[in-house]
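Here are a few exercises to work through with the viewer open. Try each task before you read the solution.

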Amino acid sequence: MLAIDMVWDPSKGLDLGFFTLHYYSVMWIVAFLLGLQIMKRIYKHEGQSDASLDSLFIYAVIGIMLGARLGHVIFYQPELFTEDFFSIFLPVKFKGGFEFTGFMGLASHGAAIAMIISMYLYNKKVLHKTVLWILDRVVIPVASGAVFVRLGNFINSEIIGKPTGSDFGVTFKQLGENFPRHPAQLYEAGSYIFVFLALWYFYWKTEKSEQPGFLFGLFLVLLWSVRFIVEYVKEAQNIERADWLLNTGQLLSIPLILVGLYFMFIYKPKTKVN
């Protein structure tokens, strides 16, 4: 997949004069736009209106972005609540001088929790089906979006892997290093392609899409299992927890995997009694 000791030293983004358009931000935009096209096809198949799709896009963007940001701050950088509060919600930082940063510091666990909450609200206010109906379908574009988010992390030389101790890996020149590390971001991105294809297959080619909660559960099991495994070759995002048996990302992944198994193999929808 990679050349031996690949040297990686891209620019952060496009300099537009008054601000820099970060490639990481572009990857998020691509993720949402591609997700919209995927859901458009699914909604057409399901006979849902364009108006409900537009509302879904708004709920998803706001929910996922807000949840991802709050998740990062709560799980990895809680000091921002007292040291630079407004930087939590704005694409700028004030501590140490004003600077436009873009929306940086986003946690996928926070995004997952917020996605469930936002889809609950969307279903209650707009769709009027069941929250599992929409979750079983929205996880398909979410899985595709995860690919581009991790590519954005790779471009930013962030969420890096541990040194390989060999000639294999990627040397991240932006970090001022001259030794190769595991390209953990690419490991995840490549694995998430498989997660997306698996969900796509089960939705279009099998009757599992009619089993409430199955696709949602499959998404949780596959995606967070990938995250759990890849964490073994990642550098700790919180240095104070580096010596833990399981890091923060792994500890947060375990309950999501268990929830996924429950919906795949145990959950039975309640039947209405006339």
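**Exercise 1: the cover over H4**

Task: work out which helices help cover the buried residues of H4.

Solution. Look around H4 for contacts to its buried residues: the cover includes helix H1 (23–46), helix H2 (50–76), helix H5 (131–155), helix H7 (214–230) and helix H8 (248–265). Keep in mind that this is a predicted model.

Next, list what is being covered. Helix H4 spans residues 108–127, and its buried residues are His109, Gly110, Ala111, Ala112, Ala114, Met115, Ser118, Met119, Tyr122, Asn123 and Leu127. For the spacing, recall that an α-helix has 3.6 residues a turn, so residues three or four places apart point the same way. Now scan the list again with that in mind: Ala111, Met115, Ser118 and Tyr122 are among the buried ones.

Finally, step off the end of the helix: just after H4, His128 has a positive phi of about 60°.

**Exercise 2: one alanine**

Task: decide whether Ala189 is buried or exposed, and find what it touches.

Solution. Start with the address: Ala189 sits in helix H6, residues 184–205. Its relative accessibility is 3%, and the cut-off for buried is under 20%, so Ala189 counts as buried.

Then leave out residues up to four places away in sequence, and the contacts of Ala189 are Val147, Arg150 and Leu151. As a distance check, take Phe154, which is 35 residues from Ala189 along the chain: their C-alpha atoms are 9.5 Å apart.

**Exercise 3: a pocket**

Task: describe the lining of the second largest pocket by residue class.

Solution. First collect the lining: Thr130, Val131, Leu132, Trp133, Asp136, Arg137, Ser209, Glu210, Gln211, Pro212, Tyr267 and Pro269. Sorting these gives 6 nonpolar, 3 polar and 3 charged residues. The space in this second largest pocket comes to about 230 Å³.

**Exercise 4: the whole chain**

Task: what radius of gyration does the protein have, and how does that fit a compact globule?

Solution. For 274 residues, a compact globule would have a radius of gyration near 19 Å; the protein has 20 Å, so the two agree. Along the principal axes, the C-alpha atoms fill a box of roughly 70 × 40 × 35 Å.

Now for the make-up. There are 8 helices and 6 strands, running in the order β-β-β-α-α-α-β-β-α-α-β-α-α-α. Buried residues make up 47% of the 274. Of the contacts with a separation of 6 or more, 66% join residues 24 or more positions apart.

Key. Residues are numbered from 1 along each chain as its sequence is written. This is a predicted model: local features need pLDDT of at least 70, side-chain atom pairs count only at pLDDT 80 or more; totals for chains, interfaces and linings use all residues. Side-chain values use heavy atoms; hydrogens and water are left out. Helices (H or I, at least four residues) and strands (E, at least two) are DSSP runs, numbered from the N terminus. Buried means under 20% relative accessible area, exposed over 50%, partly exposed in between (1.4 Å probe, protein chains only). Contact means heavy atoms within 4.5 Å. On a 1 Å grid over the protein atoms alone, a cavity is a set of points where a 1.4 Å probe fits but cannot get out, and a pocket is an open set with protein on both sides within 12 Å along at least five of seven lines; lining residues have an atom within 4 Å of a point. Grid points are joined across faces, edges and corners, and a volume is the space filled by probe spheres set on the points. Ala, Val, Leu, Ile, Met, Phe, Trp, Tyr, Cys and Pro count as nonpolar, Asp, Glu, Lys and Arg as charged, and the others, Gly among them, as polar. The radius of gyration is taken over C-alpha atoms; the globule rule is 2.2 Å times the number of residues to the power 0.38.
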